[in-house]
Every structure is written in structure tokens, then in C-alpha cells.
Amino acid sequence: MPTRGAAYSAGVSSEVSAILLDAGGVLIFPQPDLLRPPLEALGVSPDIAAFERAHYRAMVVQDVATAPPAAGTWWREYLVGYLAACGVAEDQCRELAAEVAVATMGQAWTHVGTGAMAGLRSLAALGLPMGVVSNSDGSVQAELRRLGVCYAPDGRSAPDAAGIPVGVVVDSAVVGVAKPDPAIFGIALDALGVPASGTVLHVGDSLRYDVAGALAAGLEPVHLDPHGFCPAPDGHRHVRTLAELAQDL
């Protein structure tokens with residue numbers, strides 16, 4: 001685990017014009033109920049905290065890789081690191097990941113993170129323009145609404161009282177551009193009516209996609225890093241929870 005440096009203790013600027021949030025690893029996670037059976041078959045029984053922690057370990061594997069996964073392989077490659085972090089033996093991870101990837105494709109990201117809703121409510125209470133920017137498969141907006149996490153009012157349906165209203169939910173598969181391409185952030189900010197600048201925060205769990213993308217777009221990256229796993233912690237801000245960010249602001 002890297003030593004936390006000055007980047008971890010630095011406060012977030014009080015001059016914030018908008019907040020953008022990643023979805024996976026910030027609001028929602030892989031569903032433990034889907035992943036538990038194959039793990040238990042190998043004698044591995046993580047609790048909810050261990051499942052969530054495994055996500056952040058898996059993202060570190062992505063962040064330190066020399067290149068991102070090839071097109072169409074992200075979920076399978078992510079699962080290799082995820083299963084290893086859950087306690088699966090290294091020589092079994094790749095084969096199991098391939099099996100689990102096929103069995104769970106398109107239905108896995110349905111676990112609302114511990115503390116995610118409390119943190120999201122605290123951020124919403126600040127009254128700042130807020131949106132979600134996700135590398136996804138075209139389903140993230142509907143899934144966040146179905147899970148009661150958040151929704152972007154469209155004027156055609158009644159507000160979902162179980163979720164937090166946000167200004168926009170941008171899905172890479174829908175708009176045709178993905179993080180770290182700065183264009184995806186521009187789409188979100190255009191919808192919010194906020195210019196791109198260092199006063200816009202983007203909160204995400206990945207160096208490769210979120211931190212690099214936010215910097216390329218001229219935004220202020222905030223790395224959600226609950227366990228201090230960030231492999232290159234200098235030069236950008238970190239928080240352990242969304243509630244901690246809200247308190248800082």
C-alpha cells in the first residue's frame with residue numbers, strides 16, 4: 001500500500017462550479033449475489049466489504065497495465081483482478097473470470113455501494129450542478145434509476161422519489177466517446193450549462209480513465225480511493241468517501 005502523501009491531505013478548492021461522478025466504483029459495484037456462488041464453490045466466502053474492496057484492487061490492476069484491455073474484453077480482464085482480490089488462487093483466476101464474464105455480462109453492476117447514497121445526498125445538498133459520466137454499455141441511466149440511486153429528469157416522467165435528481169447521466173455507449181477522452185466530459189458539462197475548468201470536480205475510481213480524463217479535459221480530478229491503493233498518488237486529490245468530499249466542500 002502506498003504511503004499517503006500531501007495529495008491525500010490537501011483540501012478541495014472551495015470554488016467549485018459543478019461535480020461530475022463516475023458510476024462504477026463510486027455509486028454501483030458488481031453484484032455480490034452473482035459472484036458469490038462460483039467463489040464459494042472454491043471455498044472462498046468474502047463479505048460485502050471484501051467484495052467492494054476487491055473492486056478497487058481490480059482497478060489498480062487496470063491502472064498499472066501498460067495498455068487498456070482490448071475492445072470487448074474489459075469485463076473479463078477486470079474480473080481476473082477482482083477474483084484474485086477476493087482470494088481465488090492465481091492459477092484459477094483467468095479461467096474462472098472467463099466463465100463468470102459470460103454468465104454475468106450486462107447484469108452485474110447492481111450493488112449500490114456502502115455509504116454511496118448517504119454521500120450522494122450530502123453532495124446534492126450542496127446545491128451544485130451535478131452529473132454522472134460513465135463508461136458503460138448503454139444501460140447506466142436506466143439502471144441508476146431502477147436502483148433508486150439517481151436520475152436525470154426528462155420532463156416526461158414523474159420524478160423518482162427514491163433517487164437523487166442530477167442534471168445529466170452520460171453513458172459512453174450512447175454518446176460514442178469514452179473516458180479518458182475529454183470529449184465525454186464536455187458533453188456532460190454542455191448539458192449542465194457549465195464551462196470546463198478547474199472548478200469542475202470529477203470523482204472517479206481510476207487513474208487511467210477518471211484522473212487522466214479529467215486532467216485532459218481541464219477539470220479537477222478527485223480520486224475515490226477508500227483503501228489507499230492508488231499506485232501514483234501524487235499530483236491529484238483523493239477522498240475515501242463521497243461524504244468526506246461533501247464535508248470538504
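The following questions and answers cover a sheet, a helix and a loop residue of a predicted model. Local features need pLDDT of at least 70 and side-chain atom pairs count only at pLDDT 80 or more, while totals for chains, interfaces and linings use all residues. Residues are numbered from 1 along each chain as its sequence is written, and side-chain values use heavy atoms, with hydrogens and water left out.

Q: Which strands stand at the edges of the six-stranded open sheet?
A: Strands here are DSSP E runs of at least two residues and helices are H or I runs of at least four, numbered from the N terminus; two strands pair if DSSP finds at least two bridges between them. The sheet is parallel, with the order β7-β4-β1-β8-β9-β10. An edge strand has a single partner, so one of its sides is left without a neighbour in the sheet; the two are β7 (168–171) and β10 (237–239).

Q: Which residue of β10 is the bridge partner of L224?
A: Strand β9 covers residues 220–224 and pairs with β10 in the parallel sense over three bridges. In β10, the partner of L224 is V239.

Q: How many of the ten residues of helix α10 are buried?
A: Buried means under 20% relative accessible area, exposed over 50%, and partly exposed in between (1.4 Å probe, protein chains only). The buried residues of α10 (residues 207–216) are L207, R208, Y209, D210, V211, G213 and A214. They pack against α3 (48–64), α4 (74–86), α9 (183–192), β8 (200–204) and β9. The helix is largely enclosed by the rest of the structure because the buried count is seven.

Q: At what angle do the axes of α3 and α10 cross?
A: Axes are lines fitted to C-alpha atoms, for helices over the stretch in contact, with angles from 0 to 180 degrees between N-to-C directions. The two axes come within 9 Å. Angles under 35 degrees count as roughly parallel, over 145 as roughly antiparallel, 65 to 115 as roughly perpendicular and the rest as oblique. The α3 and α10 pair is roughly perpendicular, crossing at roughly 65°.

Q: Which residues of α10 make the contact with α3?
A: Contact means heavy atoms within 4.5 Å. On the α3 side, M59, Q62 and D63 take part. From α10 come L207, R208 and Y209.

Q: Is L128 buried or partly exposed?
A: L128 is found in the loop between α6 (116–124) and β4 (130–134). Leaving aside neighbours within four places in sequence, L128 is in contact with V16, S17 and I19. Its relative accessibility is 26%, so L128 counts as partly exposed.
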